[in-house]
Amino acid sequence: LDRINVAIDGPAGAGKSTVARMVAQELSYIYVDTGAMYRAVTWYMLREGIKPEDHDNVLQTVRNMVIELIPGKDTQSVMINGEDATPHIRTLQVSGMVSQYAKVECIRTRLSQLQREMALAKGVVMDGRDIGTTVLPDAEVKIFMTATVEERALRRYKELKDKEQVSLKQLENDIAQRDFLDQNREISPLRRAEDSVLLDTTSMDILQVVETIVSHCRSYA
Ligand code: C5P
């Protein structure tokens, strides 16, 4: 069978990363979590005290940055200038700021370019916000995953409640805010590609979602 590229986009907390990882495993493809890349850059900028609106500094830093993605069994690691950012990228602080950095043009250009390089050889399942529309507009299979804000917040809550002090209401607000920023930014906003398959996962379980996507891939390849 020919190897293909699979683009999975959708709003925060729709379960894209879990699903994309399982689809990749099923097809023996490489999984690329582009959100983790934006998060890692955000973590680094915050630590260096570089604000998103400080254009010269952001540009300079992003130009010189060495960004590596190291695939692992359960999660992939993101290294910035040789430092493992992975343990720091899912904190509320990074989640709260990532959309501010993700709208900066030079950051998007740099990360999109890396993402395209990773997909050149095909056999990649990539999840994000703009994969089907901007990064890999020629991806053979495009999925747009959604679920209601309430359901997405509930899924995140179950994930986070043992690690961070957070209420369901706060997560709902955070997610709604991030959706708004991601959908309304100027450069490659979160949009459903016209040729994507829309999957509302509100009342689907993970395995059903994975099976649906894998069957789209098999019917293509
Ligand atoms: O997927 P995840 O929730 O980890 O993504 C974190 C943030 O990174 C998103 O809210 C968005 O601002 C940004 N992002 C993006 N483009 C992508 C992936 C993520 O702008 N392809």
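This report looks at the surroundings of a ligand and at an annotated loop in a predicted model.

**Around the ligand**

Let's begin with the shell of 14 residues around the ligand, where G35, Y38, A102, G128 and R129 come nearest. Two or more residues each are supplied by α2 (34-48), α4 and α8 (168-184). The top contributor is α2, which gives 4 residues. Sorted by class, the shell holds 5 nonpolar, 4 polar and 5 charged residues.

A102 deserves a stop of its own. A102 sits in helix α4, which spans residues 92-102. Beyond its neighbours within four places in sequence, A102 makes contact with Y38, I107 and R108. Y38 is thus a contact of A102 and, like A102, one of the residues that come nearest to the ligand. For a sense of distance, the C-alpha atom of S203, 101 residues away along the chain, is separated from that of A102 by 30 Å.

**The annotated loop**

Moving on, an unreviewed UniProt entry carries the annotation "binding site" for G10, P11, A12, G13, A14, G15, K16, S17 and T18. Among them, G10 is placed in the loop between β1 (5-9) and α1 (16-27), and A12 lies in the loop between β1 and α1 as well. Setting aside residues up to four places away in sequence, G10 touches K16, F144, M145 and T146. With its neighbours within four places likewise left out, A12 is in contact with R152, I175, R178 and D179.

**Burial**

Here are the neighbour counts for three of the residues discussed.

| Residue | C-beta neighbours within 10 Å | Status |
|---|---|---|
| A102 | 28 | buried |
| G10 | 27 | buried |
| A12 | 24 | buried |

A102 counts as buried because it has 28 C-beta neighbours inside 10 Å, and the cut-off is 20 or more.

Key: Residues are numbered from 1 along each chain as its sequence is written. This is a predicted model: local features need pLDDT of at least 70, side-chain atom pairs count only at pLDDT 80 or more; totals for chains, interfaces and linings use all residues. A residue is buried if 20 or more other C-beta atoms lie within 10 Å of its own, exposed if 12 or fewer, and partly exposed in between; C-beta atoms are placed from the backbone. Two residues are in contact if their C-beta atoms, placed from the backbone, lie within 7 Å. A residue is near a molecule or strand if its C-beta atom, placed from the backbone, lies within 6 Å of it. Ala, Val, Leu, Ile, Met, Phe, Trp, Tyr, Cys and Pro count as nonpolar, Asp, Glu, Lys and Arg as charged, and the others, Gly among them, as polar. UniProt positions are given in the numbering used here, feature names are shortened, and annotations may be inferred rather than shown by experiment.
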